[in-house]
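Visitor: I would like a close look at a single part of this structure, please, with the surroundings brought in step by step. Could you take me through it slowly, as you would with a first-year student?

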Amino acid sequence: GSELLALDKDGLKMIGVKRAGSICLLFEEIKQLKQASQDTATLIEYSPYCFGKMLDYLRLKRLHTLGLIDEPALPEVCESQKKRFEKVVKYYFPGTCSKFIFG
């Protein structure tokens, strides 16, 4: 993965690629992989319900900082999703940062 993307022409020589043509072809392919990896979206594997609650709250907080709305209430999460919601928030806001969402 990232080690391959970090290779340059000298790195290719160090791993045993000797032919100049092969080095040039591999280096060009590595550059294309770097570009392709920057154009991809990151998959978020969490409950859409919980992630949506967190995202909605952050959007409301932003609108509040712009003076467009009153201070938003903390997110209300249904009982069956509370543990999952806490897990999502603690993942994206580790440590004391999670207090921003939990209050």
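Guide: In this predicted model, Asp-56 is partly exposed, because its relative accessibility of 43% falls in the range between buried, under 20%, and exposed, over 50%. Asp-56 forms a salt bridge with Arg-59, and the closest N and O atoms of this pair are 3.6 Å apart. The two residues are three places apart in helix α4, so about one helical turn separates Asp-56 from Arg-59. As a general point, side chains of opposite charge can pair when their charged atoms come close.

Helix α4, which runs over residues 48–65, also holds Lys-61, and this residue deserves a careful look of its own. Lys-61 forms a salt bridge with Glu-71, with 2.7 Å between the closest N and O atoms. This pair links distant parts of the chain, since Lys-61 sits in helix α4 while Glu-71 sits in the loop between α4 and α5, ten residues apart. The two partners also have their own degrees of exposure: Lys-61 counts as buried because its relative accessible area is 16%, under the limit of 20%, whereas Glu-71 is partly exposed, with a relative accessible area of 45%. Leaving out residues up to four places away in sequence, Lys-61 touches Glu-71, Pro-72 and Phe-100.

How many salt bridges does a search of the whole structure find? The search finds four, and among them is one between the side chains of Lys-82 and Glu-79, with a distance of 3.6 Å from N to O. In this pair Lys-82 is partly exposed, at 35% relative accessibility, while Glu-79 is exposed, because its relative accessibility of 63% is over 50%.

From the charged pairs we can turn to the nonpolar residues. The largest nonpolar core has nine residues, namely Cys-50, Met-54, Tyr-57, Val-77, Phe-85, Val-88, Val-89, Phe-93 and Ile-101. Helices α4 and α5 each supply at least two residues of this core. In soluble globular proteins, nonpolar side chains tend to be buried together. One member of the core, Val-89, touches Met-54, Ser-98, Ile-101 and Phe-102 when residues up to four places away in sequence are not counted.

A second, separate core has five residues, including Leu-7, Val-17, Ile-23 and Ile-30. Of these, Ile-23 is found in helix α3, which covers residues 20–38, and Ile-23 counts as buried because its relative accessibility is 6%, which is under 20%. Although Ile-23 and Lys-9 are 14 residues apart in sequence, their C-alpha atoms are 6.4 Å apart in space. Leaving aside neighbours within four places in sequence, Ile-23 is in contact with Lys-9, Leu-12, Lys-13, Val-17 and Lys-18.

Nonpolar residues also appear at the surface, where Leu-60, Leu-63, Leu-66 and Leu-68 form a nonpolar patch that has about 350 Å² of accessible area together. Leu-66 lies in the loop between α4 and α5, and Leu-66 counts as partly exposed, with a relative accessibility of 48%.

Which residues does Ser-98 touch, not counting those up to four places away in sequence? They are Val-89, Lys-90 and Phe-93, and the contact between Val-89 and Ser-98 has already come up in the list for Val-89. Ser-98 is placed in the loop between α5, residues 82–92, and α6, residues 99–102, and Ser-98 is buried because its relative accessible area is 7%, which lies under 20%. The side chain of Ser-98 reaches the backbone oxygen of Gly-95 at 3.0 Å.

Gly-95 is likewise found in the loop between α5 and α6, but Gly-95 counts as exposed, at 61% relative accessibility. With Gly-95 we can return to where we began, for Gly-95 and Asp-56 are 39 residues apart in sequence and 21 Å apart in space, taken from C-alpha to C-alpha.

How values were computed:
Residues numbered from 1 in each chain as written. Predicted model: local features only at pLDDT ≥ 70, side-chain atom pairs only at ≥ 80, totals over all residues. Heavy atoms only, no water. Helix = DSSP H or I, 4+ residues; strand = E, 2+ residues; numbered from the N terminus. Buried < 20%, exposed > 50% of the residue type's maximum accessible area, 1.4 Å probe, protein only. Polar contact = N/O pair within 3.5 Å; in protein donor to acceptor, adjacent residues only side chain to side chain. Contact = heavy atoms within 4.5 Å. Core = buried A, V, L, I, M, F, W, Y, C linked by side-chain atoms within 4.5 Å. Patch = residues over 30% accessible without salt bridge, like charges linked within 9 Å, V, L, I, M, F, W, Y side chains within 5 Å. Areas by Shrake-Rupley, 256 points an atom, 1.4 Å probe, with all protein chains shown as cover.
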